[in-house]
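I opened a fresh notebook page for this chain today. Here is what I looked up, in the order I went.

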Amino acid sequence: MGHTLFGALGLFSLNILLYCGHAQGVPQSVLTVSPSWTSPGDSVTLTCSVKPPSAGWRFFWYKAVPDMSRYSYYTYELLAGGTTGTEQDSYILHGQTHTAGYQCRAGRGDPVSYNQYSYVKFVWSGGVNPAASLTVSPHRLQHFSTESLSLICEGNSAEWRVKKADEDGYVSSCSDWGEMTGSTCNIDIRARSGVYWCESATQSSNAANITIHSVRHPVLTVSPSWTSPGDSVTLTCRWRFFWYKAVPDMSRYSYYTYELLAGGTTGTEQDSYILHGQTHTAGYVCGVGRGDPVFYTLYSDVKFVWSGGVNPAASLTVSPHRLQHFSTESLSLICEGNSAEWRVMKADEDGDVLPCSYWGEMNRSTCNTNTRASSGVYWCESETQFSNAANITIHSEFIFI
C-alpha cells in the first residue's frame with residue numbers, strides 16, 4: 001500500500017512538473033488597443049502580437065463578457081467573422097459606441113493549437129449609454145483621498161459591479177478598495193486614481209477617469225504667539241491658502257466652526273496672511289484648495305494668538321490672583337462678560353487644546369481645577385468672544401520629611 005501511494009504521488013508530481021514546464025513554454029498573446037478612449041462612432045484598432053515572436057499564427061478576436069457569478073472574471077465571445085481567425089495581426093472595430101473589453105489569442109496547425117488568451121484590454125467611452133450608466137458623486141473627476149466618493153450604477157440590470165483599471169492596466173473590483181451596496185460602490189481610503197466603470201452581465205457603462213489626490217495635512221504657524229494690543233500677527237501655511245477665524249461651537253464640547261477672514265473667499269497665492277491690529281485672543285485655521293471648481297484639503301489644526309490685554313466683553317480672572325501655583329492648591333478660573341454661556345480652555349506646551357472638564361469642573365462661568373491640571377495657557381470663550389489669556393505654571397508639590 002505504501003509503495004502504491006508513493007508511486008501515485010510521484011506520478012502526480014511528475015505530471016505537475018510536466019504541465020508547469022509546458023505552460024511556461026507556451027507563447028503569450030499580447031493585445032493593444034488604439035485609441036483606448038473613444039467618442040461615439042470612432043473606429044478602434046485591436047493589435048495582437050505573440051511573444052516570443054514566431055511565424056505561422058492566425059489571430060482570434062474576442063469580446064470580454066462579464067461573468068457576474070465569478071467575482072471579476074470574464075467569458076470570451078468571438079467577434080464577428082472570427083471563427084477561423086485572421087492572418088492579419090490587427091482587427092478594426094467600426095463605430096465603437098460604448099465601453100467594452102477585448103481579448104485575443106493566436107493559433108496554428110490543423111487541428112488548431114492555441115496559445116493563452118491575452119489579458120483583457122478595455123476601450124473606454126464617456127458617452128451616455130441608457131442601458132448602463134455610471135454616476136460619480138460628488139459629480140467631478142478630481143477628488144482627495146479623505147473625501148467620501150460614491151460610484152452609482154443605473155440601467156437595465158438588477159446586478160452590477162464597479163471596476164477600476166489603474167495606470168498599469170491592472171483591473172480590480174469595488175471590494176478591493178470600497179464596499180458594494182446594491183448598485184452603489186462607496187470607496188474608502190484604499191482607492192487610487194484610475195478609470196472606473198459599471199458592468200452587468202450584458203452591458204458596460206460610460207467610464208470616468210478619476211484622479212484621487214493624496215492629502216497631506218496643512219501646517220499653520222503664527223508669529224508672534226503672544227501679542228500686545230495693536231500688534232501685527234503673521235499666519236503662515238505650507239500650501240495654498242485659505243484663511244479662517246475659529247468660532248467656538250458651544251453645542252459641541254470643544255469644537256470650532258471656521259469663518260473666512262476678510263478677502264479670503266478666493267484664497268491667496270501667498271502662503272502667509274497678515275492680521276493688522278490684533279487686539280484680543282483668537283484662534284485661526286488655514287486650508288488648501290486647488291482646481292476649478294476648488295477642491296479642499298483638510299483644515300489645519302487651530303492655532304491661537306493669545307493676548308493678556310483687557311477685553312470688557314470677555315475676561316478671565318485667576319483666583320488666587322497669580323500665575324504660579326502648586327498642584328495641591330485650589331485654583332478657580334472665572335469668566336465674565338457679555339455672554340450667558342462660557343467654557344474655559346487650556347493649550348499645553350504641545351499645542352493640544354482641552355476644555356475644563358478634562359482637568360476640573362465647570363460650574364456655570366467658573367472652572368475649578370483639580371489635581372489633573374497642568375501648566376499651560378488658559379482662557380475663556382463664548383460663542384462670540386475670547387477672553388484675555390493667562391500663562392499659568394502649575395508646580396508639582398513635594399513634601400520632604
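My entries run from the whole chain down to single residues.

Ground rules first: this is a predicted model, where local features need pLDDT of at least 70, side-chain atom pairs count only at pLDDT 80 or more, and totals for chains, interfaces and linings use all residues. Residues are numbered from 1 along each chain as its sequence is written, and side-chain values use heavy atoms, leaving out hydrogens and water.

Whole chain. I found one helix and 36 strands, taken as DSSP runs (helices H or I, at least four residues; strands E, at least two) numbered from the N terminus. Of the 401 residues, 42% are buried; buried means under 20% relative accessible area, exposed over 50%, and partly exposed in between (1.4 Å probe, protein chains only).

Lys 164. I looked up this residue in strand E13 (residues 161-165). Lys 164 is buried yet has no salt bridge, which would put a side-chain nitrogen of Lys or Arg within 4 Å of a carboxyl oxygen of Asp or Glu. The nearest side chain of opposite charge is Asp 166, 5.3 Å away; Lys and Arg count as positive, Asp and Glu as negative, with His and the chain ends not counted.

The E26-E27 loop. I then asked: is Ser 300 buried or exposed? Ser 300, in the loop between E26 and E27, is buried because its relative accessible area is 4%. Its C-alpha atom is 5.6 Å from that of Val 219, 81 residues apart along the chain. Asp 301 lies in the loop between strand E26 (295-296) and strand E27 (303-307), and Asp 301 counts as exposed because its relative accessibility is 55%.
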